[in-house]
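Student: Please take a close look at one helix pair in this model. I would like the geometry and the residues involved.

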Amino acid sequence: MTAPASTDPAAGASRTASNGRPATIHDVAALSGVAASTVSRALSTPGRVNFRTRARIEAAAAQLKYVPNAQAKALSSGRTKAVAVLVADITNPFYFDIIRGTQLQLKAAGYTQLLVDTEESDEVEVNTVEQLRQTADGVILTASRLSDEALAVVAEKMPLVTINRDVAGVPSVVLDTPTATNQALDHLISLGHARVAYLGGPEASSSNIRRWAALSEAAKTRGVEVLRLGPFAPRTYSGAAAADALVHSGATAGIAFNDLVAIGMLQRLRERGVRVPEDMSIVGCDDIFGADFCSPPLTTVTAPVEQAGRVAVTMLLSRLAAGQGNLPRNQTVLPTYLTVRGSTGPAPAAR
């Protein structure tokens with residue numbers, strides 16, 4: 001004879017814990033003898049439920065090994081505890097330290113990092129931000145390719161902080177690479193170079209625009225000639241075209257947009273029989289991993305990249321908590337400096 005089915009909701013809830021199906025909030029409610037809404041309040045805002053009821057709910061949740069649904073928590077609290085980090089090119093080693101910095105800072109604050117590669121595309125960037133409005137509390141944009149106007153519009157839609165963009169009203173962390181780029185120019189002038197070329201990066205890059213503006217102004221005050229060549233994609237394969245353009249320009253030294261281009265230039269110049277630094281001096285930017293392993297080791301602009309990621313997270317989280325009396329910063333400028341290695345030397349005419 002078959003035993004009658006139990007009508008005890010607690011017994012039913014207990015069975016769900018052993019049949020392999022993950023426990024739900026309704027299972028916890030049945031086992032603890034309260035409504036599902038009470039379980040939700042007890043687990044998300046414990047202060048709204050009396051101690052005895054909360055203890056019974058917590059015991060039931062522990063017994064059933066209940067794990068709260070992240071989306072449900074987001075709906076009840078308005079927060080996802082996730083922050084999206086958008087990078088222009090995830091294969092570029094420059095972003096490795098930024099990603100490490102944001103990841104460590106977010107983890108310490110109890111947040112999850114969502115990483116997105118925007119492929120150097122403003123269209124991908126703006127579409128991604130629109131999609132993230134429901135799944136992330138905020139966004140960190142690194143080297144954004146959006147126009148100033150588009151970036152300002154995005155900033156009105158959700159909390160964000162940019163790295164290496166300076167737009168009025170948009171919180172930002174800026175690496176002061178133009179100052180160190182001018183240090184590179186002074187370094188080359190001290191070695192006798194009077195004709196220097198700047199191998200530019202993407203035209204939409206704010207860093208590229210700021211560095212060229214600083215270099216062209218510095219050239220006027222120092223009485224030397226600085227040429228602008230490019231633009232070149234910020235990748236190693238662009239170094240061949242950049243090196244050919246540099247040789248054809250008649251300059252005796254080149255300052256590349258980033259280390260990837262500079263490393264590609266070293267390879268191409270070696271193929272052409274142009275000696276570095278005896279015949280040509282090369283300067284990079286970013287001091288990525290491997291810049292000191294080149295042949296010769298690369299003179300480059302060094303920046304506190306991981307710190308930039310950490311500071312961006314701190315600024316974003318302070319904006320998310322702005323209603324708690326915090327006064328979030330709107331901009332942080334981090335200093336950079338020139339690291340001199342073997343890829344720069346006296347100009348050929350000075351030897």
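Tutor: Here is the helix pair, followed by a strand residue and the cysteines. The model is predicted: local features need pLDDT of at least 70, side-chain atom pairs count only at pLDDT 80 or more, and totals for chains, interfaces and linings use all residues. Residues are numbered from 1 along each chain as its sequence is written, and side-chain values use heavy atoms, leaving out hydrogens and water.

The pair is H6 (residues 94–108) and H13 (residues 305–320). Helices are DSSP runs (H or I, at least four residues), as are strands (E, at least two), numbered from the N terminus. The two axes come within 7 Å and cross at roughly 40°. Axes are lines fitted to C-alpha atoms, for helices over the stretch in contact, with angles from 0 to 180 degrees between N-to-C directions. H6 is therefore oblique to H13 (under 35 degrees is roughly parallel, over 145 roughly antiparallel, 65 to 115 roughly perpendicular, the rest oblique).

From H6, Phe94, Asp97, Ile98, Arg100, Gly101, Thr102, Leu104, Gln105 and Leu106 take part in the contact (heavy atoms within 4.5 Å). H13 supplies Val305, Glu306, Gly309, Arg310, Val313 and Thr314. The contact residues divide into 6 nonpolar, 5 polar and 4 charged. Here Ala, Val, Leu, Ile, Met, Phe, Trp, Tyr, Cys and Pro count as nonpolar, Asp, Glu, Lys and Arg as charged, and the others, Gly among them, as polar.

Thr332 sits in strand E11 (residues 331–334). Thr332 is buried, at 10% relative accessible area (buried is under 20%, exposed over 50%, partly exposed in between; 1.4 Å probe, protein chains only). Beyond its neighbours within four places in sequence, Thr332 contacts Ser172, Val173, Val174, Val311 and Met315.

Cys285 is buried at 3% relative accessibility. Cys294 is buried at 14%. The structure holds 0 disulfides (pairs of cysteine sulfur atoms within 2.5 Å).
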